[in-house]
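Trainee: I'd like to learn how to read burial, cores and cavities in a model. Could you walk me through a case?

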Amino acid sequence: MDRREFLMSAGGGLGGIALASLLQNDQLLATPQTSSQILHHPPKAKRVVQLYMSGAASQCDTFDYKPELIKENGNNWDPGEQVQLFQSSPGKTMQAPWKWKQYGQSGKWLNECVAPLGDCVDDMAFIHNMVSKSNVHGPATFMQATGFILPGFPGMGAWISYGLGSMTDNLPTFVVLPDPRGFAPNGAANWSAGFLPASNQGTMIRPNSKTPISNLFPPENDFITRKSDRDVLHALKQLNQKHEQQRTGDSRLNARIQSYELAAKMQLQAPEVLDLSGETKSTLQMYGLDTVDFAVQEGISEAAEIAYFGRNCLVARRMLEQGVRFVQIWSGADNGHPRRNWDSHEDIKRDHWPLGRGMSIGASALIKDLKQRGMLNDTIILWTTEFGRMPCSQGSKGRDHNPFVFTNWLAGGGIKGGTTHGESDQWSFKPADPANPTMCYDVHATILHQLGIDHEKLTFRQNGIDRRLTDVHGHVIKDILS
């Protein structure tokens, strides 16, 4: 028996890793994908967490305090111009269902709905004059995720994966933690690699599922054995290599081969990262988790939202510790009924309270946890949603779509805490300065800048065009940088 046969018979584990090294030396593994991996200037950060609120979270019920809405509550809403809404006619001026309070040395106003973030406002920078190009969920979700309202473009995580490469060999560079009830509009296209090499796409992991990573291990009581699994993989490798040789320039098969190789390594590390049993009781409580085991429900409840988002945030912290570069966490699934996302056309109070509490408990815990571990300094947290909601009522309790202004916030990674960039008008209807709104291009350019990347230089040639995450737009928001 030679060494290769011995290592193959040893199955997975360290033997499998050693075998992979031998195969790599013999050029029998997937061809590594290249990327620029060139920093244009010294970075302030090396990791990113994107918190994505699917369905359009209301800025005027969470972070954008407007006394005018309280003063004019119940009166006819008149912004001084004709307003055409997505699916309704303008109703009465409507204040938030809950009270506002100032927090931190910065005196930032937060609504009770997101009060748990009050302890963190001096680490956060708010942008209240965000504008979207679309008031339709699908295109607007694409825009915040990829910089374009059309499908087929890489997500921000894919661009960062392509530009900077991986910090670990045993876990993906770009990980997606979806809402356990399902996907946001566009589904997996929100985290695709687009025209970038397919290996840069997000890897979906479901911490709340019995099988968090699909097909990582054979099913229980299956006919597959270690020997048959090895034999199939050996035959598949030969077929894949023959297939790839006939299709040069297509990165999809090479990415698939790489994904199988990464899966073999993840069998060692991923179960450990996803195992929360070793976390202290105080850490679990900080994330709102009394237990790490709970069932997924169809609708919305405060306890469920705290559990879903808190667990995903805790898993994200563990992923970042192990070298994952970009983690995307989703709150809200598709437009099922009963409501299970932030698209509160019918009843803001019913929907936003549990979603807001769940999000703010998990997000504040993530900020505090990273800070106490010394990781917030080089980790950027971005909170976003596809657009905002109107200051007037839809019906008597809901709010319609508002693409004209909404809020983002950032923390960590060289972001100047306790600051605000860009204001909305007195209604939280449009930017206070309509000529100078902030768009996703500016946020994306700022994040790339903090990672050491000039957003105008990170490009990929596609159909004769040097594509980039920020299209032909974007300015670094220097006001929020320390």
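Mentor: Happy to. Keep in mind that this is a predicted model. Let's begin with Lys-478, which sits in the segment after strand 14 (465-467).

Trainee: Is Lys-478 buried or exposed?

Mentor: Look at the relative accessibility and hold it against the cut-off, which is over 50% for exposed. Lys-478 comes out at 66%, so it counts as exposed. As for its surroundings, its C-alpha atom is 9.4 Å from that of Ile-415, a residue 63 positions away along the chain.

Trainee: And another lysine, Lys-66: where is that one found?

Mentor: Lys-66 belongs to the loop between strand 1 (47-53) and helix 3 (67-71). Here the cut-off to use is under 20% for buried. With a relative accessible area of 10%, Lys-66 is therefore buried.

Trainee: What does Lys-66 touch?

Mentor: Leaving aside residues up to four places away in sequence, Lys-66 touches Glu-423, Ser-424, Asp-425, Gln-426, Trp-427 and Ser-428. With Ser-424 there is also a side-chain to side-chain polar contact of 3.1 Å.

Trainee: On to cavities, then. How do I read those?

Mentor: The general idea is to roll a probe the size of a water molecule over the atoms, which shows where empty space is left. In this structure, a search of the whole model turns up 2 cavities of 30 Å³ or more. Lys-66 helps line the second largest, along with Cys-60, Asp-64, Leu-69, Ile-70, Gln-95, Ala-96 and Trp-100. That cavity has a volume of about 30 Å³, and its lining splits into 5 nonpolar, 1 polar and 2 charged residues.

Trainee: Which residues line the largest cavity?

Mentor: Asp-179, Pro-180, Glu-305, Tyr-308, Phe-309, Trp-330, Ser-331, Leu-355, Gly-358 and Met-359. By class, the lining has 6 nonpolar, 2 polar and 2 charged residues, around a space of about 50 Å³. Helix 9 (302-321), strand 7 (326-331) and helix 10 (348-372) each give at least two residues to it.

Trainee: Which residues touch the most other members of the largest nonpolar core?

Mentor: Leu-51, Met-359 and Trp-409, in a core of 54 residues. You've already met Met-359 as one of the residues lining the largest cavity. Not counting residues up to four places away in sequence, Met-359 touches Met-53, Phe-63, Val-114, Leu-117, Phe-309, Trp-342 and Trp-383. Apart from that core lies another, of 42 residues, including Phe-195, Leu-382, Leu-410 and Ile-453.

Note on methods. Residues are numbered from 1 along each chain as its sequence is written. This is a predicted model: local features need pLDDT of at least 70, side-chain atom pairs count only at pLDDT 80 or more; totals for chains, interfaces and linings use all residues. Side-chain values use heavy atoms; hydrogens and water are left out. A nonpolar core is a set of buried Ala, Val, Leu, Ile, Met, Phe, Trp, Tyr and Cys residues joined through side-chain atoms within 4.5 Å. Buried means under 20% relative accessible area, exposed over 50%, partly exposed in between (1.4 Å probe, protein chains only). Contact means heavy atoms within 4.5 Å. On a 1 Å grid over the protein atoms alone, a cavity is a set of points where a 1.4 Å probe fits but cannot get out, and a pocket is an open set with protein on both sides within 12 Å along at least five of seven lines; lining residues have an atom within 4 Å of a point. Grid points are joined across faces, edges and corners, and a volume is the space filled by probe spheres set on the points. Helices (H or I, at least four residues) and strands (E, at least two) are DSSP runs, numbered from the N terminus. Ala, Val, Leu, Ile, Met, Phe, Trp, Tyr, Cys and Pro count as nonpolar, Asp, Glu, Lys and Arg as charged, and the others, Gly among them, as polar. A polar contact is a pair of N or O atoms within 3.5 Å; within protein, one must be able to donate a hydrogen and the other to accept it, and residues adjacent in sequence count only if both atoms are side-chain atoms.
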